[in-house]
Structure formats: structure tokens, C-alpha cells
Amino acid sequence: MIRDMNINDITEDKLFGPNDMVKLGVDDCNGCHACCLDTGDTLNLDPYDVFRLEAGLGLGFSNILPNHLELRVADGLIMPFLKMDKELTIKCHETEVKETSACSFLNSEGRCDIHEHRPAICRLFPLGRIYMGDGHKYLLMEDECKKDRHVKVKIKKWLNTENFAKYEEYVDHWHALVKSVTSRAKEMDEQALKSINMLILQTFYFTDYDVSRDFYEQFYERCKKM
Ligand code: SF4
Ligand code: SF4
């Protein structure tokens, strides 16, 4: 999950930590599905997202991939992104709207079929993450949500993720690994870049997780192997 934002354009007052209260709450998205359409290169999945999907759907990555995900290159790194080519008619409040570039998990009521195990970037919205030094902060992207968000919620609660401290540590670890490849991708020859991409895909995505075990243990075991 890497949002390409220029840190120089962001002032300190727009950045938040996990214990900050931020205007995130909206009564309901009812009637709106704007952020589940044609999201381009923003909705990629990290290994924890894949672990949650595998656990929630009871399927391995290779079985989820064909219908719901697509492998795309971002900054030289191949990663799975949510597929955004679903055609469907959404019925809501007695109106019908036809969509042609919807997320594969959006249903005909304009709702997310995998709400409980949707990827982190969907759970974060309308927050984004900004990586600074060895860690990260949260940025409220006020203009990206179509509704007025007026209820203050603690970021930690908003993310609703088990073992939050471990999760934050993992997020930084994963980002460092991704950054170590993307920052050198342009200098690498084609074969070397292909090899490292295959290694990352095989290690963190195509090898199914044991969903009865702790994710973080498995992640760090795989990091060591790499
Ligand atoms: S996974 Fe769910 S919340 Fe995320 S874009 Fe798809 S439908 Fe929307
Ligand atoms: S744009 Fe805002 S209100 Fe609309 S679906 Fe996304 S989060 Fe909900």
C-alpha cells in the first residue's frame, strides 16, 4: 500500500498518529460506492491483506487471483491489485446505476461483499499512510470521500486490526522491503528485477498462509528465508 504523495506538500497539522482523534465517522456509505470504482494503481494488497482474504474466503491466493485480483507492475515491483473491471447494475434507493469498472467485490446493492476482510487500504479510507524515516503517519484525504465526515474516531479504533502494535511494526517492515526493491529497480538489469519479483511473489503471495497460525510469525519466517 503505497500512496505516491509528496511529503513536502503536507504540513505537520495534517499528519496523525494512531492515538489521534480524527473526523472519520460517517453515518453510513449508503447510496455511495464511489471509492470502489476504477481506483487505478492505488489498491494493492500486501501479505497481511492476502492472509485476511485467504482466511475470510477459505481460498488460497491462486484461487482468488483469477476472478478478483490482477498482477500489475508499480515502480518495477509486481504486486496484486484489486480487479476493477466488473460490470454490474447497482440498485439503491429505487434508482439503478450501471457501472463498468467496479471492484470485483462490489455487489449489486453497492456494498462490499468482503467488508470484514477487505484490504487495509479500504479499511483506512479516507486516511492514507505516509512513510517518514523508519515509520509512518496517517494523512486525512478529506476531499476523496463524497460524504461529510463529522464524527471523531481514534485512528487505532478506525483500523480495527488485531494486535495493532504488531501490525504497525509489520507495515513498516513490509514498506522497507518494498522500498529496497523499488528504489533500485531502475538500476537493475531486467533479469535481476524479474528474479527478485518472482522471489517476492512466490514467498509472500503464492505460497498460501496457514490461516490457523499467527500471521506475523509466518511473515518474519518468510523474510528470513528470503
Ligand atoms: S474490497 Fe470492498 S471496500 Fe475495497 S474497493 Fe472492493 S468493494 Fe470497495
Ligand atoms: S466515497 Fe466516502 S461515502 Fe462514498 S463509499 Fe467511499 S467512503 Fe463511503
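Reader: Which residues are around ligand 1, and how do you know that they belong there?
Author: A residue belongs if its C-beta atom, placed from the backbone, lies within 6 Å of the molecule. For ligand 1 the residues are Cys36, Leu43, Leu82, Cys103, Phe105, Leu106, Cys112, Ile114, Arg118 and Cys122. The model is predicted: local features need pLDDT of at least 70, side-chain atom pairs count only at pLDDT 80 or more, and totals for chains, interfaces and linings use all residues. Residues are numbered from 1 along each chain as its sequence is written, while chains are lettered from A and ligands numbered from 1 in the order in which they are written.

Reader: How many residues of the shell around ligand 1 are nonpolar, polar and charged?
Author: Nine are nonpolar, none is polar and one is charged. Ala, Val, Leu, Ile, Met, Phe, Trp, Tyr, Cys and Pro count as nonpolar, Asp, Glu, Lys and Arg as charged, and the others, Gly among them, as polar. Arg118 is in the shell, and Arg is on the charged list.

Reader: Which residues are around ligand 2, and how do they divide by class?
Author: They are Val26, Cys29, Cys32, His33, Ala34, Cys35, Phe125, Cys145, Lys146 and Lys147. The division is seven nonpolar, one polar and two charged.

Reader: With which residues is Cys103 in contact, and what makes a contact?
Author: Two residues are in contact if their C-beta atoms, placed from the backbone, lie within 7 Å. Leaving aside its neighbours within four places in sequence, Cys103 meets that rule with Cys36, Leu82, Met84 and Lys86. Cys103 also belongs to the largest nonpolar core, where Cys103 and Val50 have the most contacts.

Reader: What makes a set of residues a nonpolar core?
Author: The members must be buried Ala, Val, Leu, Ile, Met, Phe, Trp, Tyr or Cys residues joined through C-beta atoms within 7 Å. Buried means that 20 or more other C-beta atoms lie within 10 Å of the residue's own; with 12 or fewer a residue is exposed, and in between it is partly exposed. The largest core here has 28 residues. At least two of them come from each of α1 (47–57), α3 (120–124), β8, α6 (190–206) and α7 (215–225). The largest share, four residues, is that of α1. In soluble globular proteins, nonpolar side chains tend to be buried together.

Reader: Why is Arg149 called partly exposed?
Author: Arg149 has 16 C-beta neighbours inside 10 Å, which falls between the two limits, so partly exposed is the right class. Arg149 sits in the loop between β8 and β9 (151–154). Beyond four places in sequence, Arg149 touches Lys23, Leu24, Gly25, Val26 and Pro126.

Reader: What is unusual about the bond that joins Phe125 and Pro126?
Author: The bond is cis, with omega about 10 degrees. Most peptide bonds are trans. Pro126 lies in the loop between α3 and β7.

Reader: Why are Asn160 and Asn163 called exposed?
Author: Asn160 has 9 other C-beta atoms within 10 Å and is therefore exposed. Asn163 has 12, which the rule of 12 or fewer still admits, so Asn163 is exposed. Asn160 lies in the loop between α4 (155–159) and α5 (164–182), as does Asn163. Asn160 has a positive phi of about 45 degrees, and so has Asn163. Most residues other than glycine have a negative phi.

Reader: How do you know that β7 and β8 pair?
Author: DSSP must find at least two bridges between two strands. Between β7 and β8 (residues 135–140) there are six, in the antiparallel sense, so they pair. Strands are DSSP runs of E of at least two residues, and helices are runs of H or I of at least four, numbered from the N terminus. The open sheet has the order β1-β8-β7, with β1 (15–16) and β7 (127–132) at the edges. Arg129 stands opposite Tyr138 in β8.

Reader: What makes the protein chain agree with a compact globule?
Author: The rule is 2.2 Å times the number of residues to the power 0.38, and the radius is taken over C-alpha atoms. For 226 residues that gives a radius of gyration near 17 Å; the protein chain has 18 Å, which agrees.
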